[in-house]
Amino acid sequence: MNEAQDLFSLLRQSTDVDPQAIDAIKRTIAEGKDRELCRINAPAFASKHGLDEERAISAFLHAARVGIFDISWNVLCPGCGGVLDTNATLKTLQKDEYTCALCSEGYSPTLDEMVEVTFTVSPRVRRIAAHNPHELPLVEYFRQIYWASGVDLPEEDFAKKIEAFSLEDIELAPGEKAVLPIQLPSEFIIVFEPVTHSAQFIDGKGEPTKERRSLSLVFDRDHVQNQTLEMQPGPLRISLENRTDTRVLPTVFIAGQELHDFLGKRRPFLTAKRLLTNQTFRDLYRTDTLDINQRLKITSLTFLFTDLRGSTELYERVGDLSAFDLVRVHFQVLHEIVAAEAGAVVKTIGDAVMATFATPDRAIAAALRMRDAMRELNDKSGREDLLLKIGVHAGPCIAVSMNERQDYFGQTVNIASRVQNLANARAIFATRAVVDDNLTADLLHRNALTPVPHEVSLRGIEREIAVYTIP
């Protein structure tokens with residue numbers, strides 16, 4: 001416990017970490033159940049403890065950096081919410097496709113909703129049962145290891161909820177064999193094994209029979225059973241063999257409404273996309289994010305570009321030293337606004353800034369604040385020195401590692417940059433993908449702002465696109 005105290009003392013030295021969040025984390029580690037400290041869902045933790053979500057995420061990131069938590073990047077099945085792969089770092093997420101045996105579907109991973117980021121307490125701070133997952137009871141293995149933090153699992157009567165759609169289950173040690181007798185119902189069932197992620201589908205159809213049938217299943221790391229067998233309802237002996245070097249947990253599920261209802265309850269979770277657009281994460285894990293050869297897909301990310309208009313004339317008018325001070329203040333203000341709106345500055349290029357946001361509305365909120373901030377700075381100086389051009393666009397992109405930092409590549413980035421070039425110092429320019437977003441529309445309506453559309457041609461873009469001026 002002395003080491004834990006030292007780590008929390010170190011955490012409190014970070015002046016930008018919310019003390020309330022630190023207190024909630026420390027209290028949970030001291031008093032919480034083991035399962036509350038395994039794969040913590042940071043947004044859900046913030047909601048439970050009445051914390052600001054962004055400040056809670058920042059606190060978890062700082063706590064992980066000093067060694068209180070281990071970060072896990074989990075590839076999820078969008079259908080059942082199961083964890084298909086677990087990575088200690090995003091660098092090891094290298095597969096082009098993942099298959100969920102339970103859903104019998106293959107998925108190309110994207111960082112939007114298919115990769116969650118969770119926090120598990122370090123064994124240096126507190127030992128929990130999930131540090132040895134192969135010793136967890138079957139029900140807790142499903143709760144803590146198989147299902148992702150975005151599945152809203154019931155706190156109470158969890159075992160009874162699973163029993164409602166389970167026929168049988170068994171635990172097999174490495175090399176062990178067993179026979180599992182079941183009464184096959186007139187329903188679709190799945191013999192699912194969560195450790196090896198394998199499944200056998202059986203469709204109970206036809207007239208019930210008293211004849212005892214047999215089925216043999218082997219669990220290994222190479223073969224995933226996903227074909228469907230059609231059988232008459234009645235007695236069935238399932239012979240099971242574990243050919244892995246760990247225990248396996250074959251469970252017979254009835255794939256009916258109760259299973260679908262159980263898995264259908266979801267809650268927000270911390271996505272990899274959201275974390276990559278978090279300023280605290282970029283500051284703390286600057287060089288630890290992506291491997292140089294990785295190309296990770298993001299379905300939709302919002303890009304905001306800014307640039308100072310007439311910066312060359314500014315240096316000529318007020319002199320290098322004064323202009324440098326003005327530009328430095330402008331950068332500081334923009335960084336603060338981006339972070340406050342849950343975004344991250346990717347890079348600065350001369351007097352320009354490239355920032356990302358998980359959603360378009362946060363980018364527009366940042367753009368409006370930036371424009372107001374530059375007006376205030378100009379009012380203080382009595383001169384129109386800081387004339388900021390802002391462009392915003394959203395769309396698909398690829399996360400890459402370039403020049404020893406995480407960056408983004410793709411047509412969306414190019415369009416966002418070109419849109420910024422159209423803007424003047426008083427109007428924000430945004431594309432239809434941004435303006436048509438419901439949350440953006442609500443934000444503009446609350447601010448009594450009506451976007452003015454016009455079709456434009458952008459350099460390097462074949463087709464004309466709709467760009468809106470936000471006055």
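Okay, quick one: the domain bounds I'll use come from an automatic or database domain assignment. With those bounds, we get domain 1 (1-147), domain 2 (166-255) and domain 3 (292-470). Taken over C-alpha atoms, the centres of domain 1 and domain 3 are 32 Å apart.

A bit of housekeeping: this is a predicted model, so to speak of local features we need pLDDT of at least 70, and side-chain atom pairs count only at pLDDT 80 or more, while totals for chains, interfaces and linings use all residues. Residues are numbered from 1 along each chain as its sequence is written, and side-chain values use heavy atoms, with hydrogens and water left out.

So, how do domain 1 and domain 3 meet? Ten residues of domain 1 contact eight of domain 3, contact being heavy atoms within 4.5 Å. About 730 Å² is buried between them, 52% of it on carbon and sulfur atoms; that's accessible area (1.4 Å probe) lost on putting the two parts together, summed over both. On the domain 1 side, E54, L111 and D112 lose the most area, together 54% of what that side buries.

Any salt bridges across there? Zero, going by a side-chain nitrogen of Lys or Arg within 4 Å of a carboxyl oxygen of Asp or Glu.

Now the aromatics. There's one cluster made of F142, Y146, W147, F158, F165, F192, F253 and F262. Within it, F142 and W147 pair up tilted, 5.2 Å centre to centre with 35° between the planes. Rings of Phe, Tyr and Trp (its six-membered ring) pair with centres within 6.5 Å; under 30 degrees is stacked, over 60 edge-to-face, the rest tilted.
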